Amino acid sequence: MSDLTQFMRRDLPASIVVFLIAIPLSLGIAAASGAPLLAGLVAAVVGGIVAGALGGAPLQVSGPAAGLTVIVAGAVANFGFAGTAAIVAVAGLIQILLGVSRLGRAALALSPAVVHGMLAGIGLVIALSQVHVMLGGAPQSSAWQNLRELPAQLAAHHGVAAVLGALTVAILLAWPRLVRVSLLPAALVAVVSVTALAAVLGADVERVRLPDEPLANLIRPAWPDAPIREIVLAVVTIALVASVESLLSAVAVDRLHDGPRANLNRELVAQGAANTTSGLLGGLPVTGVIVRSSTNVAAGARTRASTILHGVWIAAFVLLWTDLLETIPMAVLAAVLIVVGLRLVSLAQIRTYARHRELPTYLVTALGVVFTDLLTGVALGMVTAAVMILWRLTRCEIRRVERAPGEWLVTIHGTLAFVESARLTRELGALPPAADVDIELHLDYLDHGAFETIRDWREGYERAGGRVRIREVHDSWFHQATSGRLGGGKRTPRLVGSWSRWQDMDQQRRGAMEAGIAEFERTVAPLVRPHLADLARDGQRPQQLFITCADSRLVPNLITASGPGDLFCVRNIGNIVPPHAVGDVSVGAAIEYAVDVLGVTTITVCGHSGCGAVRALMSNAARPGSALGDWLAHSGVRFTDPADEERCCTDNVLNQLANLRTYPTVRAAEAAGRLRLAGMYFDLAEARMYEVDPILGDPRPVSSLPAA
């Protein structure tokens, strides 16, 4: 696809979609910040053109963000808007300095639980203030006062403004579920339809007010008449929060597309340049905005042209069609901000942080922002995160289970340090005397004090007639300490090796499978149970169909470092894909199910060295008429060099890719750009994966290929 064709088919339509969603959000954020509405539009134009042209994340869209609303509202109240504009300009210079100093990634060191808790708190503050506006009242000076006055506001008599706001909220919530048309974002549909309804009804409500001559009415920044300490605090706060939000958004956008990865230092310089420009022109602070950025990617954008153009469209609209914007009721913008604010409180993130035991940090930060102020809330969140880390570093989980009369299993998970010695002694001392005890250690650290506690207890317990066996999973801290090498080296994780690597011959004869299942349920199941529970509830959404050989030495999840839910696997003799409507249909059924039902985006055919099926094909060893011979006949492969086994294996992979394209569902998905076919070759002796060149058939190490 030529650059011009890509621009016309991808970037131009995407820029229009982002432009349509940016207009109402920019106006609403300006209103919630207590700033002139024109300031929100100025920031949107500058964010699109300046940050878009200079940025290190080409598909990220910048503009005024809900995450800075509380900070800007405080600055406007303290310094006036002209003073706030000057502060924004200086904050941009700080961002440029941070980017030039290559500190882009340092901003990501802040705990995500603190950042998302901060955004959730800001979202609640926005929603609590704007609900008063939507209901026909006025926002109070703090979130606590807004919350306290909310019952009275809800009980009061409400006019047509409240009805328009409620209708806007209903459309914002219902539209994405009812209509899936990317060119008609919910915010645009809600604002346009409710504004049109208000015009038809002739509703007497407060509406958007913009200056008749926007260029002549840009507010010039003025240095605020305030103590320097307060000004510096505001500058640093805006610079840091805008930087963190922009960088987090850039990292999130990287996960949405396969194009070039973000250069975070360059992005930070671009955000600084945009903020300095916006401040000098009398605009709001600018950040990378995940809502607009994800919309940009979903609409098909491929280059920064989409981001830049969306800023151009906003500028043209403000200069030429101001009258249209002035028909929008303020209650409608308040409703948009309520939904945007509440969406900053993500239930999925709350579940994730609860699962990872970081929910206290998230909640403390969010509630701190709501009931105190942003800086205090973030500080409380960081303190909570530090306390949680220290608590984890000095805690371990100890469980005692009686497996049979006189047989006990003690499992210890986590970090075992000397501060836990008293509890460890108490738990071990509770075991009955003269029992058969297995101690299983799942440790990421063992210090010498805790080691001596276990060693001394074992010696005393065995002298009293008991039996103690100590086993370690993943690491070998106890073994190293016993041999005087505490803290050095690791051993191979048990479940990476085969049964013969960790089971003795007697155990294998008695039931290696049963022993392996028991080992899984004891050591792995607790780790994967939450993820499997999510998959059981939500269903499978694999990214790939992985077709490979049934060879026992080839383990798909091991060689791809994938887990439950990642791969939809088909394994058979020789990783063969029979052509469409020929012979066996089970592989075809799996292909159609993967593409049409599961919606996989990649089908990978993976061969391997030493493949018995390929060797049989090379030597014509399979008997015609036998089940194996009939199956191998489906391969249809012709070898380039029958004497070169590796080349024969890659030839087989290429032929199966050709067979895949005989399936109509594969051809249709590939033509639509929804599906990619890939060939792989795994060298067993090297434990290394190669990509098979689709034209030459040569294997190239996957690890040497450029990142997608």
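Which hand does the crossing of H4 and H13 have, left or right? I started here, keeping in mind that this is a predicted model.

**Entry: H4 and H13**

I looked up helix H4 (residues 112-134) against helix H13 (residues 330-343) and got a left-handed crossing. Their axes come within 8 Å and cross at roughly 155°. Angles over 145 degrees count as roughly antiparallel, so that is what I wrote down for H4 and H13. Next I listed who touches whom. On the H4 side I have Gly123, Leu124, Ile126, Ala127, Gln130, Val131, Val133 and Met134. H13 answers with Met330, Ala331, Ala334, Ala335, Leu337, Ile338, Gly341 and Leu342. Sorted by class, the H4 and H13 contact comes to 13 nonpolar residues, three polar ones and no charged ones.

**Entry: H8 and H10**

I then turned to helix H8 (residues 228-254) and helix H10 (residues 290-298). Their axes come within 10 Å and cross at roughly 20°, which makes H8 roughly parallel to H10. The hand is right for this crossing. From H8 I noted Ser249, Ala252 and Val253 in the contact, and from H10 Ile290, Ser293 and Val297. The class count for H8 with H10 is four nonpolar, two polar and no charged residues.

**Entry: the four-stranded sheet**

What is the strand order in the open sheet of four strands? I read it as E3-E4-E5-E6, and the pairing is mixed. E3 and E6 sit at the edges with a single partner strand each, so one side of each has no neighbour in the sheet. I also checked the turn between neighbouring strands here: 15° on average, direction ignored.

I spent some time on E3 and E4. Strand E3 (residues 396-404) and strand E4 (residues 407-416) run antiparallel and are joined by eight bridges. Going along the pair, I found Glu397 opposite His413 of E4, and Glu402 opposite Trp408 of E4. The hairpin of E3 and E4 has two residues between the strands, and Gly406 takes a positive phi near 85° there.

**Entry: H17, on the sheet and beside H18**

Which strands does helix H17 (residues 421-429) lie across? I got E3, E4 and E5, with H17 running at about 5° to E3.

H17 also has a helix partner. I found H17 and helix H18 (residues 448-463) packed at an angle of about 20°, with their axes 10 Å apart. That makes H17 roughly parallel to H18, and I put the crossing down as right-handed. H17 brings Ser421, Leu424, Thr425, Leu428 and Gly429 to the contact. Across from them, H18 brings Gly449, Ala450, Thr453, Ile454 and Trp457. I split the H17 and H18 contact by class and got five nonpolar, five polar and no charged residues.

**Entry: salt bridges**

How many salt bridges does a search of the whole structure find? I got 14. I looked up one pair in detail: the side chains of Arg467 and Asp436 meet in a salt bridge at 3.9 Å, N to O. Arg467 is in strand E6 (residues 467-472) and Asp436 in strand E5 (residues 436-446), so I checked the spacing too. The two are 31 residues apart, and the pair links distant parts of the chain. As a reminder to myself, side chains of opposite charge can pair when their charged atoms come close.

**Entry: the six-stranded sheet**

Last stop was the open sheet of six strands. I wrote its order as E8-E7-E9-E10-E11-E12, and the pairing is mixed. Strand E8 (567-572) and strand E12 (699-701) are the edge strands, each pairing on one side only. Neighbouring strands of this six-stranded sheet are turned by 30° against each other on average, direction ignored.

Inside this sheet I checked one pair of strands. Strand E7 (residues 544-549) and strand E9 (residues 602-608) run parallel, with five bridges joining them. I also noted that Thr548 stands opposite Cys606 in E9.

Which helix packs on this sheet? I found helix H23 (residues 586-598) there, touching E7, E8 and E9. The direction of H23 makes about 170° with that of E8.

How values were computed:
Residues numbered from 1 in each chain as written. Predicted model: local features only at pLDDT ≥ 70, side-chain atom pairs only at ≥ 80, totals over all residues. Heavy atoms only, no water. Axes fitted to C-alpha atoms, helices over the stretch in contact; angles between N-to-C directions. Parallel < 35°, antiparallel > 145°, perpendicular 65-115°, else oblique. Left-handed = near helix turned anticlockwise from the far one by under 90°. Contact = heavy atoms within 4.5 Å. Nonpolar A, V, L, I, M, F, W, Y, C, P; charged D, E, K, R; others polar. Pairing = 2+ DSSP bridges. Salt bridge = Lys/Arg side-chain N within 4 Å of Asp/Glu carboxyl O.
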